[in-house]
Amino acid sequence: MEDLIKALQMFLKVRNIDYPTHCEHDELMVIGYTPDDFTPEELAELDELGFSWNEDDEYFYSFRFGSC
């Protein structure tokens with residue numbers, strides 16, 4: 001759970017969005033952010049924490065934090 005909280009805090013530092021998450025099947029999506037919002041180091045850290053960028057649909061996602 002610590003990694004999830006740390007990743008969400010990284011998103012929060014960029015901007016506070018009222019409803020930034022969406023869940024379908026086993027995928028947790030974080031909407032309203034782009035890779036341009038983060039430094040290369042922060043993107044690498046998000047990746048280590050389990051969040052990747054979906055280029056096709058343009059959102060960050062993770063399969064790491066359980067089923068929805």
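## Close-up views of a predicted model

**View 1. Glutamate 27 in its strand.** Let us start with glutamate 27, which belongs to strand β2, spanning residues 27-30. The model shown here is a predicted one. Glutamate 27 is buried, yet it has no salt bridge. Arginine 64 carries the nearest side chain of opposite charge, and that side chain is 15 Å away. What does the side chain of glutamate 27 make a polar contact with? The partner is the side chain of tyrosine 59, at 3.1 Å. Setting aside neighbours within four places in sequence, glutamate 27 is in contact with His22, Tyr59, Tyr61, Ser62, Phe63 and Cys68.

**View 2. Serine 67, after the strand β4.** Here we turn to serine 67, found in the segment that follows β4 (59-62). Is serine 67 buried or exposed? Its relative accessibility is 59%, so serine 67 counts as exposed. If residues up to four places away in sequence are not counted, serine 67 touches His25 and Asp26. For a sense of scale, take serine 67 together with tyrosine 33: they are 34 residues apart in sequence, and their C-alpha atoms are 22 Å apart in space.

**View 3. Asparagine 54 in strand β3.** This view shows asparagine 54, a residue of strand β3, which covers residues 52-54. Asparagine 54 counts as buried because its relative accessibility is 14%, and the cut-off for buried is under 20%. Leaving out neighbours within four places in sequence, asparagine 54 has contacts with Tyr59 and Tyr61. Tyr59 and Tyr61 also appear among the contacts of glutamate 27 in the first view.

**View 4. Phenylalanine 11 meets phenylalanine 38.** The structure holds nine aromatic pairs, and one of them joins phenylalanine 11 and phenylalanine 38. Their ring centres are 5.6 Å apart and their planes stand at 90°, so this pair is edge-to-face. The pair links distant parts of the chain, 27 residues apart: phenylalanine 11 sits in helix α1 (residues 2-14), while phenylalanine 38 sits in the loop between β2 and α2 (40-48). Phenylalanine 11 counts as buried because its relative accessibility is 2%. Phenylalanine 38 counts as buried too, with a relative accessibility of 8%.

**View 5. Phenylalanine 11 meets phenylalanine 51.** How are the rings of phenylalanine 11 and phenylalanine 51 arranged? Their centres lie 5.8 Å apart and their planes are at 80°, so the pair is edge-to-face. This pair, too, links distant parts of the chain: phenylalanine 11 is in helix α1 and phenylalanine 51 is in the loop between α2 and β3, 40 residues apart. Both phenylalanine 11 and phenylalanine 51 are buried. Stepping back a little, one aromatic cluster is formed by Phe11, Tyr33, Phe38, Phe51, Trp53, Phe60 and Phe65.

**View 6. The setting of the close-ups.** To place these views, it helps to know that the protein has two helices and four strands. Read from the N terminus, its elements follow the order α-β-β-α-β-β. The radius of gyration is 11 Å, close to the 11 Å given by the globule rule for 68 residues, so the protein is as compact as a globular protein of that length. Along the principal axes, its C-alpha atoms fill a box of roughly 30 × 25 × 25 Å. Of the 68 residues, 25% are buried. Among contacts with a separation of 6 or more, 49% come from residues 24 or more positions apart.

Conventions: Residues are numbered from 1 along each chain as its sequence is written. This is a predicted model: local features need pLDDT of at least 70, side-chain atom pairs count only at pLDDT 80 or more; totals for chains, interfaces and linings use all residues. Side-chain values use heavy atoms; hydrogens and water are left out. Buried means under 20% relative accessible area, exposed over 50%, partly exposed in between (1.4 Å probe, protein chains only). Lys and Arg count as positive and Asp and Glu as negative; His and the chain ends are not counted. A salt bridge is a side-chain nitrogen of Lys or Arg within 4 Å of a carboxyl oxygen of Asp or Glu. A polar contact is a pair of N or O atoms within 3.5 Å; within protein, one must be able to donate a hydrogen and the other to accept it, and residues adjacent in sequence count only if both atoms are side-chain atoms. Contact means heavy atoms within 4.5 Å. Rings of Phe, Tyr and Trp (its six-membered ring) pair if their centres lie within 6.5 Å; planes under 30 degrees apart count as stacked, over 60 as edge-to-face and the rest as tilted. The radius of gyration is taken over C-alpha atoms; the globule rule is 2.2 Å times the number of residues to the power 0.38.
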